[in-house]
Every structure is written in C-alpha cells, then in structure tokens.
Amino acid sequence: MFATRWEPLAEMNRLRNEMDRLFGRWGRMEPRPLASTGYPPLNLWEDDEHLYVEAELPGFDLEGLEIYVTGGRQLSLRGERRSPELKGGTWHRQERAFGSFSRTLELPSSVDSDQVSAEFRHGVLTVTLPKSEEVKPRRIEVKADSA
Amino acid sequence: MTTTTMTKSQTGEVAGAENTFQATFMPRFDIWETEEELLLYGDLPGVSPDNLDIRFENKELTIHGRVEARHEGIEFLYGEYGVGDFHRSFAIGEAIDTERISAELHQGVLILHLPKSEKAKPRRITVKGA
C-alpha cells in the first residue's frame, strides 16, 4: 500500500518518537502498543462529554475521507492520497507516502453515532465523538436533611 | 526545543519565565527536478501559512514550521504520535533564481518552487558540420 524510501534519519526520528512514547513524553500513560504499526497514527483523549480522535493526514481532504462509527464503539477511517502526476523530470527524493489506508479503532467508551463531527485543518483531522448518555459521568447530588 | 516566554505583570515587573517543551520533527519531503525548476513537496500537518518560515541562503534551504500546541494539559488515552514543530534544511547545488521562489501550503502540504536561474538551465549545443 505505502512505499517510502528508507531514510535513516527519519527512521531514527521515528524510533525516538517511539521511545518517547514508551518512556518519556507520555510517561504516565500505559505503554500499550495499540496497533503502533497502523496508519495513520492516532491520538485519542477525552473530556466528560466527548472522545476526541486526531490524525495527521496532510494532503488529504475532508471529502475524500470516510469516517464511520459502527455500533457506537468502533471508529473506522478510510482515505486515499494520490501522488502528483508529473512529467519531464526526475525524482531526487521520495519520502512521502501515497495510496489508500483504512484503520479501525475500538473506542474506550460508547458514543452517540449520530452526533459525531469531524474537522480538518491544515492537514490535521479531529473527530469529536459525544459520549452516549449512559457513560457520561454524573454528579451525584447529596441531600442533607434540613434540621 | 525550548521556548522561553517572558510575561510582564501589570506592575511592569517580570512575572517569571515559563518554559514550554515541544519536540521538533523532521518532515518528509519529495523533490522533483525538471529543466526549469526544483519542485519540493513537504508534509507539514498542523502548520498554518503564518507559522511557516522558509529561507534560502548560501545554497541552503531551511524550512521551519511552527505547530501551535494543541494538547496542553491533556492526557492521552492513546498517544501514537507526538506533536511538535517541523524543521528541515537542504543543500541546493543548483543555481536558483531566488527572486522567483514561490511557495504554497494546502492541507498541510507545502509545495515549493525553486526556479533555476537562466545560466544553470541546460542548453542544447548545436554542432556545426564542416
């Protein structure tokens, strides 16, 4: 699917990122090797009301991306990036990847599939998934007896 | 990379230096050469045109894209990539017409045209027969 030329420095950089991910920058996180081979790499976080999934997809456009939520617990992303058609020259360097990808992610909590929205800015996709009512944290009112 | 921001309090005193640590990454690039120009494509996701700095000096092309921190104070449930600035430089051997360098940025992809200067363009030499 993706073919990129091997580049030692980029590879080192990626390795460093991987080390950072495991030991450094996300130190407090469980070092779960969640499909670390998958494309695109994803970041996922939450607040009380939503889950957020972010991916770097430079050169894609929102129209060409397919985003599905299945059963409220599974997010699928699909897309394709075509290489520019150029003639009458030569490549000196080809590091960027082209082709199609498809990735499915199990969400850590169930979401309201109808309310999912996506934003694409400067090549960064952010999917906002509102949590379904039953998994939202609820504040418990403590009633005090009026004496 | 370390960025130091000095914040001035209303009384005019320096309130203190705030350090933010953000990693710098090497972006991926494709380079295409024709008789007319060098054409560079670079993946710089998260960089807006205002935050992109491109310099061409002494045959060295430097590209620096600043990425605004998007996840301050956020703990990731899954974190598969780090967010940071992009930096890369290339040594360009060709003579470039620096006046005509142009750049565009679409959806996180930089397209940079480096037109060759007239004298560097290949010329067909006509061989005269005797």
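**Strand pairing within and between chains A and B**

Strand β5 of chain A (residues 90-94) and strand β4 of chain B (residues 29-33) pair up in the antiparallel sense over 4 bridges. Here, strands count as paired if DSSP finds at least two bridges between them; strands are DSSP runs of E with at least two residues, numbered from the N terminus. The model is a predicted one, with local features needing pLDDT of at least 70, side-chain atom pairs counting only at pLDDT 80 or more, and totals for chains, interfaces and linings using all residues. Residues are numbered from 1 along each chain as its sequence is written, while chains are lettered from A and ligands numbered from 1 in the order in which they are written.

In this pairing, A:Thr90 sits opposite B:Glu33 of β4(B). β4(B) is also joined to β5 of chain B (residues 37-43), antiparallel, by 5 bridges, and B:Asp30 faces B:Tyr41 there. A hairpin takes β4(B) into β5(B) through 3 residues.

Then there is an open sheet of 5 strands, ordered β7(A)-β8(A)-β2(A)-β1(A)-β8(B) with antiparallel pairing. β7 (117-121) of chain A and β8 (78-79) of chain B stand at the edges with a single partner strand each, so one side of each has no neighbour in the sheet. Moving inward, β7(A) is linked to β8(A) by 5 bridges, with A:Ser117 partnering A:Thr128. These two strands make a hairpin with 2 residues between them, and A:His122 in the turn has a positive phi of about 50°. β8(A) (residues 124-130) pairs with β2(A) over 7 bridges, A:His50 being matched with A:Pro130. Finally, 5 bridges tie β2(A) (residues 50-56) to β1(A) (residues 42-46), where A:Asn43 stands opposite A:Glu54.
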